[in-house]
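Subject: Structure handover and notes

Dear colleague,

Here is the structure I promised to pass on to you. Please open it alongside the sequence, and then read the notes below with both in view.

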Amino acid sequence: MTSYTVRDWVYIAVFGALWGALELTLGAYLHVLFPPLANTFFTGLIMAGIGALIALVGRTFVPRTGAVLFIGIVTALLKVLSLGGAKIGPVVAILAEVILMELALLSKASPARWRYVLAGALAVAWNFFHKFVMMRLLYGQGISEVYVKMVKEGSQTLGLDVRQAVAIIVVLFLFRVIVGAVAGWLGWDVGRLVARRLART
């Protein structure tokens, strides 16, 4: 079993709290900034990318199996305890994202940039599948119903003809993968940059 020090738990709390604070502040602002149809795409995409970045930077400070999961748990708890009340959708999304990142980082070898990129890509890609899962569980909607709704929203958001359904779905998915990969790439660099600077102080 991985042994955590007091310092590790402090870092986990700090990065979890940072992610949670951004979820509660920036996330709420983005919901106001973007129109309803664009909300499900842009807000979820941006917040998932930021969350993956923060969690992966935190993983640099706590290079232990389970660190990203614990950071996500702290974030999810803050969402549950927020003044707006508990919403199961965002909590499930956060936990799914950190589990996927943990799976990508699961290795006895030293961390590598490509694992961070993979972790970020998997985490943000979940944002695409999340709607299918939650709409089925919460409202009993079938995959085809969610697919049609996603195509319509994507059509208006991307400015593509609704008849280009396959292209719309592919673009929506690839956007998430690319954003996640960039978040993982930056997480690798930012984490090491901050750690070096802190070591010098």
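Among contacts in the protein between residues at least 6 apart in sequence, what percentage join residues at least 24 apart? The answer is 68%, and several of the contacts described further down, between helix H1 and helix H3, can be read with that figure in mind.

Before the details, please note that this is a predicted model. The mean pLDDT of the protein is 86, with 88% of the residues at 70 or more. Among the elements, the highest mean pLDDT, 94, belongs to helix H3 (residues 67-80), whereas helix H6 (residues 143-158) has the lowest, 78.

Overall picture

The protein contains seven helices and zero strands, so that the order of elements from the N terminus reads α-α-α-α-α-α-α. Of its 201 residues, 42% count as buried, and the protein exposes about 10,800 Å², of which carbon and sulfur atoms supply 72%.

Helix H3 against helix H4

The axes of H3 and helix H4 (residues 88-105) come within 8 Å of each other and cross at roughly 175°. Because angles over 145 degrees count as roughly antiparallel, H3 is roughly antiparallel to H4. On the H3 side the contact includes Ala67, Val68, Leu69, Gly72, Ile73 and Thr75, and on the H4 side the residues taking part include Pro90, Val91, Ile94, Leu95, Val98 and Met101.

Threonine 75 and glutamate 23

Threonine 75, which is found in helix H3, is buried, with a relative accessible area of 0%. A polar atom of the threonine 75 side chain lies 3.1 Å from the backbone oxygen of glycine 16. Leaving out residues up to four places away in sequence, threonine 75 touches Gly16, Trp19, Gly20, Glu23 and Ile94.

One of these partners, glutamate 23, is in helix H1 (residues 6-33). Is glutamate 23 buried or exposed? With a relative accessible area of 12%, glutamate 23 is buried, because the cut-off for buried is under 20%. Again not counting residues up to four places away in sequence, glutamate 23 touches Ala28, Met47, Thr75, Lys79 and Ile94, and Ile94 is thus a residue that both threonine 75 and glutamate 23 touch.

Where helix H1 meets helix H3 through partly exposed residues

Leucine 78 is placed in helix H3 and is partly exposed, with a relative accessible area of 31%. Beyond its neighbours up to four places away in sequence, leucine 78 touches Gly16, Ala17, Gly20 and Leu24. Leucine 78 and leucine 24 are 54 residues apart in sequence, yet their C-alpha atoms are 8.5 Å apart in space.

Alanine 17, in helix H1, is likewise partly exposed, its relative accessible area being 33%. Apart from neighbours within four places in sequence, alanine 17 is in contact with Val74 and Leu78. Two further C-alpha to C-alpha distances describe the surroundings of alanine 17: alanine 76 is 59 residues away in sequence and 9.6 Å away in space, while leucine 77 is 60 residues away in sequence and 9.5 Å away in space. Leucine 77 itself lies in helix H3 and is partly exposed, with a relative accessible area of 48%.

Alanine 119 in helix H5

Further along the chain, alanine 119 is found in helix H5 (residues 113-139) and is buried, with a relative accessible area of 0%. Not counting residues up to four places away in sequence, alanine 119 touches Leu56, Met101, Ala104 and Leu105. Alanine 119 and leucine 106 are 13 residues apart in sequence and 10.0 Å apart in space, C-alpha to C-alpha.

Helix H6 against helix H7

The axes of H6 and helix H7 (residues 165-200) come within 9 Å and cross at roughly 80°, and H6 and H7 are therefore roughly perpendicular to each other. From H6, the residues Tyr147, Met150, Val151, Gly154, Ser155 and Leu158 meet Ala165, Val166, Ile168, Ile169, Val171, Leu172 and Phe175 of H7. When you look at this pair, please keep in mind that H6 is the element with the lowest mean pLDDT, 78.

With best regards

Methods:
Residues numbered from 1 in each chain as written. Heavy atoms only, no water. pLDDT = per-residue confidence, 0-100. Helix = DSSP H or I, 4+ residues; strand = E, 2+ residues; numbered from the N terminus. Buried < 20%, exposed > 50% of the residue type's maximum accessible area, 1.4 Å probe, protein only. Polar contact = N/O pair within 3.5 Å; in protein donor to acceptor, adjacent residues only side chain to side chain. Contact = heavy atoms within 4.5 Å. Areas by Shrake-Rupley, 256 points an atom, 1.4 Å probe, with all protein chains shown as cover. Axes fitted to C-alpha atoms, helices over the stretch in contact; angles between N-to-C directions. Parallel < 35°, antiparallel > 145°, perpendicular 65-115°, else oblique.
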